[in-house]
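This report describes selected features of one protein chain, with attention to its strands, its helices and a pocket. The sequence and the structure are shown first.

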Amino acid sequence: MARNRNPIPVIIVAGFLGSGKTTLLNHLLNTSTGTRIGVVVNDFGSINIDAMTVAGQVDSMISLSNGCLCCAVDATGMDKLLARLAKPRARIDVIVIEASGLAEPRDLIRLVLAGSDPNLVYGGLVEVVDAAEFEHSRARHPELDQHLRFADLVLLNKIDRLDEPARRSLTETVERLAAGTPVLTSTHGRVDPELLFERRETKPATGQLSFDDLRHDHDEHDHCAQQHPDHLHSAYQSVEFSTDHPLDPRRFMAFLDDRPAGLYRIKGFVYFGVTGHQQRFGMQTVGAHLRFTRSNWASGEKRGTRLVLIGAGIDAGALRERLAGCVADDPQQADEQSMLRVLRFADD
């Protein structure tokens with residue numbers, strides 16, 4: 001069976017010891033039915049306890065111990081390591097690297113970005129923070145402030161251990177330190193996998209989910225949230241946006257630069273219609289991380305933009321209005337220079 005033509009995203013999950021990285025990973029493995037997840041577990045120690053925790057729940061796993069991953073391999077070594085998980089016969093949809101609590105996130109990002117495997121693409125850094133121990137962690141590890149700035153999504157875990165005033169204060173502090181990076185709160189690492197990667201259903205399917213599939217999934221999620229208010233999905237809302245008119249690339253990138261704080265995920269495809277760039281631009285975001293994937297339109301497929309935006313506390317009407325404002329006034333007047341920022345985030 002042929003693997004999905006799109007590269008496999010590699011998501012790094014980092015955070016200091018005890019922040020809840022393995023709990024998050026276990027949650028993703030248990031709730032992502034239908035999605036094949038490859039995992040690299042890097043536990044600093046001779047006995048890999050984290051690997052034992054996730055064993056048997058993952059489609060393919062590589063366990064490293066007795067050394068921090070960012071110190072144990074170079075870019076070539078990382079390529080070889082990930083290639084073992086990305087073999088076509090494994091049919092892996094996403095790879096998650098659970099870094100050692102002592103790992104340096106910036107070095108891990110560089111290793112993944114320096115990779116030469118066209119079947120892999122960097123999918124973002126999720127920094128897990130122990131909300132109850134945040135100030136103690138900062139005191140012991142002053143570099144935490146810097147790690148927050150490197151992250152594409154910050155997960156404030158164990159938030160249930162704080163009262164409401166403390167939660168608000170901590171969230172404000174982390175949002176300030178993270179310099180615009182989306183900040184999400186959780187208990188026991190419970191995060192909707194769709195905020196991190198494209199989750200597949202158990203029904204047989206190949207390739208990317210269509211917009212209709214995404215819409216169907218979210219209709220089911222919304223119904224589930226209404227019936228079960230305490231369900232995980234009830235914490236989030238999804239907003240759909242579609243237009244058959246080309247988007248102005250400069251306006252759209254300006255929107256992404258100033259997206260609402262509660263907007264954690266955007267997926268779908270975009271049509272710019274600029275001369276020389278009239279392809280279908282598949283789009284994925286994880287927090288602040290952005291990636292476009294270019295492909296040809298299918299025969300008879302109507303050109304246009306179809307997006308699903310997922311977040312918490314977002315104003316659906318205002319969001320659609322801002323996106324409508326990105327529609328190009330006169331696509332014929334757009335020049336190739338207007339696409340430069342888009343192409344910075346596009347595959348080769």
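In this predicted model, Gly268 has Met283 of β10 as its bridge partner. The two strands concerned are β9 (residues 263–270) and β10 (residues 280–286), which run antiparallel and are joined by 6 bridges. They belong to an open sheet of 5 strands with antiparallel pairing, arranged in the order β8-β12-β9-β10-β11. At the edges lie β8 (237–243) and β11 (289–295), each of which pairs on one side only. From one strand to the next, the twist averages 15 degrees.

The pairings within this sheet are set out below.

| Strand pair | Bridges | Sense |
|---|---|---|
| β8 and β12 | 7 bridges | antiparallel |
| β9 and β12 | 6 bridges | antiparallel |
| β9 and β10 | 6 bridges | antiparallel |
| β10 and β11 | 7 bridges | antiparallel |

In general, the strands of a sheet pair through backbone hydrogen bonds, in either a parallel or an antiparallel manner.

**Strand β12 and its partners**

Arg306 of β12 can be followed to both neighbouring strands. Ser242 stands opposite Arg306, and Arg306 is also the bridge partner of Phe269. How many residues of β12 are buried? The count is 7 of the 7 residues, so β12 is largely enclosed by the rest of the structure. The cover extends to both faces of the strand: Thr305, Leu307, Leu309 and Gly311 are buried on one side, while Arg306, Val308 and Ile310 are buried on the other. The charged residue Arg306 is thus listed on the face that also holds Val308 and Ile310.

**The β10–β11 hairpin**

At the other end of the sheet order, β10 and β11 form a hairpin with 2 residues between them. Gly287, in the turn, has a positive phi of about 60 degrees. Along the paired strands, Thr285 stands opposite Leu290 in β11. Although β11 is an edge strand, it is mostly covered, with 6 of its 7 residues buried.

**Helices against the sheet**

Two helices may be described in relation to these strands. Helix α10 (residues 249–257) packs on the sheet and touches β9, β10, β11 and β12 (305–311). The direction of α10 makes about 150 degrees with that of β11. Helix α11 (residues 316–324) lies across β8, β9 and β12, and runs at about 25 degrees to β8. Strands β9 and β12 are therefore named for both helices, given that contact is counted for heavy atoms within 4.5 Å.

**Met339, a buried loop residue**

Met339 is located in the loop between α11 and α12 (340–344). Is this residue buried or exposed? Met339 has a relative accessible area of 0%, which falls under the 20% limit and therefore makes it buried. Beyond its neighbours within four places in sequence, Met339 is in contact with Pro249, Phe272, Val274, His277 and Phe281. Of these, Pro249 falls within the range of helix α10, and Phe281 within that of strand β10. The C-alpha atom of Met339 is also separated by 7.4 Å from that of Arg250, although the two residues are 89 residues apart along the chain.

**His27 in helix α1**

A second buried residue is found in helix α1 (residues 21–31), which contains His27. The relative accessible area of His27 is 11%; because this is under 20%, His27 counts as buried. Between His27 and Pro193 the sequence separation is 166 residues, yet their C-alpha atoms are 8.7 Å apart in space.

**The second largest pocket**

The second largest pocket has a volume of about 520 Å³. Its lining comprises 23 residues, and those closest to its centre are Leu113, Leu120, Val121, Tyr122 and Asp347. Two or more lining residues come from each of α4 (75–85), α5 (105–113), β5 (120–130) and β11. Which element gives the largest share of the lining? Strand β11 does, with 4 residues. By class, the lining has 14 nonpolar, 3 polar and 6 charged residues. The edge strand β11 thus contributes to this pocket as well as to the sheet.

**The chain as a whole**

The chain has 12 helices and 12 strands. Of its 348 residues, 53% are buried. Among contacts between residues at least 6 apart in sequence, 75% join residues at least 24 apart.

Notes
Residues are numbered from 1 along each chain as its sequence is written. This is a predicted model: local features need pLDDT of at least 70, side-chain atom pairs count only at pLDDT 80 or more; totals for chains, interfaces and linings use all residues. Side-chain values use heavy atoms; hydrogens and water are left out. Two strands pair if DSSP finds at least two bridges between them. Axes are lines fitted to C-alpha atoms, for helices over the stretch in contact, and angles run from 0 to 180 degrees between N-to-C directions. On a 1 Å grid over the protein atoms alone, a cavity is a set of points where a 1.4 Å probe fits but cannot get out, and a pocket is an open set with protein on both sides within 12 Å along at least five of seven lines; lining residues have an atom within 4 Å of a point. Grid points are joined across faces, edges and corners, and a volume is the space filled by probe spheres set on the points. Buried means under 20% relative accessible area, exposed over 50%, partly exposed in between (1.4 Å probe, protein chains only).
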